[in-house]
Amino acid sequence: MDRLDVSANLMIVSDLDLTMVDHADPENLALLRFNTLWEAYYRHNSLLVFSTGRSPTIYGELRKQKPLLTPDITIMSVGTEITYGESMVPDDGWKQCLDHKWNRDIVMEETAKFPELTFQSETEQRPHKVSFYLEKGKAPNVMQALSKCLEKRGLDVKIIYSNGIALDILPQAAGKGQALVFLLEKLKAGGQGPFNTLVCGDSGNDAELFSVPGVYGVLVSNAQEELLRWYAENAKGNRQIIHATERCAAGIMQAIGNFSLGPNVSPRDTRDSMFSRKVLSPSHEVVMFYLLYERWRRGEVENPELYIQNFKSVFHPTGNVAHPSGVDQPMHQIIDSLAKVFGDKQGQDFRVWVDRVSFAEVSLGSWQVKFDKWELCGKESRCCLTKVLMNSKVDAPDEYTWMYLHQTWLEGSGGQDEMYWLL
Ligand code: GLC
Ligand code: MG
């Protein structure tokens, strides 16, 4: 079945702040472009791994502030905490690996002797990570002296400087690079892979990622001085690592193309609609539909009359939509509602994206597709857990007819204005 054969089997391991997330882009355009690319072509057969310096607490805060996808695996606190899946099940085996020659109390005692070090917030102090702020000019000397003190006390630690401000002290076995090596071995032992692995970063604590054997790497264009220096000294001749010319998530997509790791043009970057383009899979169909839905409500679609006809060919005449409020509506009624809301979000911050798209063929030519559908309007974002039953057409297997759509609010997402939620 060639229409599902967009097989990528790519594992992306990306830092978050100023790599996946561009804090200088309040509209999150590059991130939304990446999300659309990932859900359309990669989600069903590839792995998305976030590897961040953030603790679970402030990683959770970032997820509320930015339209981040749900990763398959999350590595937090500079490679000291690995968790799996949406429910973030911790890898206890990894924690045990980090106890060797590590003692937090001794780290606290010794660092107290350095007045140059300012303790970071309590949330960022973790079982295998002690973190400070330290001025750039003072960093080399302090790091050297501190390293000697801790060695004398019998510890084997790693001291990492990032963003020209942050100093982390970790067990020697920890760090983003070691965590990735551990993960790759675990996946291999579990029969998963081999993957093409692309690591993505911008600052000091990401340097280790680029030293993991066999990986492709991208330093985003906006990479920090300390990482650029590491690159110049250690990896300049390595053709598997590039310094992108694009910022953040756009740099990641640039690298996918550069190393030919799979599709690299986000559906957001084309003006084609789902009606003028071959649809490759049920997830591609869903991504294209909700992209059209966003453009429809933003009033960015030309010739809306033509589209109404096309909507009729997507939705089955006897199909149904179960609204999250519990009310059932025939699909043709949804088309009438769609016609009324054309351009109603024009000039507003209105974005739609899907997360965690998965699909299964429940009987020949009949697909159940599940995903989280997000809508952002201004500062408010809401999400519905969504299931769609769609049939591929016998005479045109790359076209799907939507038979049934069912939505429930993600906990806490429903509100008084839920009647304005369409589908
Ligand atoms: C994140 C963490 C911080 C750490 C820094 C660099 O900002 O919150 O604790 O020092 O990354 O690794
Ligand atoms: Mg970063």
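## Two open sheets and a ligand site in a predicted model

In this predicted model, 6 strands form an open sheet with mixed pairing, in the order S14-S13-S18-S17-S16-S15. A strand here is a DSSP run of E with at least two residues, a helix is a DSSP run of H or I with at least four residues, and both are numbered from the N terminus. Two strands are said to pair if DSSP finds at least two bridges between them. At the edges of this sheet stand strand S14 (328–330) and strand S15 (350–363), each of which pairs on one side only. Neighbouring strands of the sheet are turned by 20° against each other on average, with direction ignored. For such angles, axes are lines fitted to C-alpha atoms, for helices over the stretch in contact, and the angles run from 0 to 180 degrees between N-to-C directions.

Residues are numbered from 1 along each chain as its sequence is written, while chains are lettered from A and ligands numbered from 1 in the order in which they are written. Because the model is predicted, local features need pLDDT of at least 70 and side-chain atom pairs count only at pLDDT 80 or more, whereas totals for chains, interfaces and linings use all residues, and side-chain values use heavy atoms, with hydrogens and water left out.

### Pairing within the 6-stranded sheet

The table lists pairs of strands in this sheet, with the sense of each pairing and its bridges.

| Strands | Sense | Bridges |
|---|---|---|
| S15 and S16 | antiparallel | 11 bridges |
| S16 and S17 | antiparallel | 12 bridges |
| S13 and S18 | parallel | 4 bridges |
| S13 and S14 | antiparallel | 3 bridges |

Between S15 and S16, Phe359 stands opposite Val369, and Val352 has Glu375 as its bridge partner in S16. These two strands form a hairpin with 2 residues between them, and Gly365 in the turn has a positive phi of about 75°. S16 goes on to form a hairpin with S17, again with 2 residues between the strands, where Gly378 in the turn has a positive phi of about 65°. Across that second pairing, Gln368 stands opposite Leu389 in S17.

On the S13 side, Phe315 has Trp402 in S18 as its bridge partner, and Asn320 has Pro330 in S14. The hairpin of S13 and S14 has 5 residues between the strands, and Gly326 takes a positive phi near 105° there.

### Helices on this sheet

Helix H9 (residues 282–297) packs on the sheet and touches strand S13 (315–322), S15, S16, strand S17 (380–392) and strand S18 (400–409), its direction making about 155° with that of S15. Contact means heavy atoms within 4.5 Å. Helix H10 (residues 304–314) lies across S13 and S18, and runs at about 80° to S13.

### The 8-stranded sheet

Another open sheet, of 8 strands and with mixed pairing, has the order S5-S4-S3-S2-S1-S10-S11-S12. Strand S5 (89–90) and strand S12 (241–243) stand at its edges with a single partner strand each, so one side of each is left without a neighbour in the sheet. Strand S1 (residues 10–14) and strand S10 (residues 196–201) pair in the parallel sense over 5 bridges, and Met11 has Thr197 in S10 as its bridge partner. Helix H1 (residues 29–42) lies across S1 and strand S2 (47–51) and runs at about 155° to S1, while helix H7 (residues 225–234) lies across S10, strand S11 (216–219) and S12, running at about 135° to S12.

### The surroundings of ligand 1

The residues around ligand 1, meaning those with a heavy atom within 4 Å of the ligand, include Gly53, Arg54, Ile58, Val78, Ser131 and Asp168. The shell divides into 3 nonpolar, 5 polar and 4 charged residues. In this grouping, Ala, Val, Leu, Ile, Met, Phe, Trp, Tyr, Cys and Pro count as nonpolar, Asp, Glu, Lys and Arg as charged, and the others, Gly among them, as polar.

An oxygen atom of ligand 1 is 2.5 Å from an N or O atom in the side chain of Gln120. For Glu124, an oxygen atom of the ligand is 2.6 Å from a side-chain N or O atom, and for Lys129 the corresponding distance is 2.7 Å. The protein covers 86% of the 310 Å² of accessible area that ligand 1 has on its own, where accessible areas come from the Shrake-Rupley method with a 1.4 Å probe.

How values were computed: A polar contact is a pair of N or O atoms within 3.5 Å; within protein, one must be able to donate a hydrogen and the other to accept it, and residues adjacent in sequence count only if both atoms are side-chain atoms.
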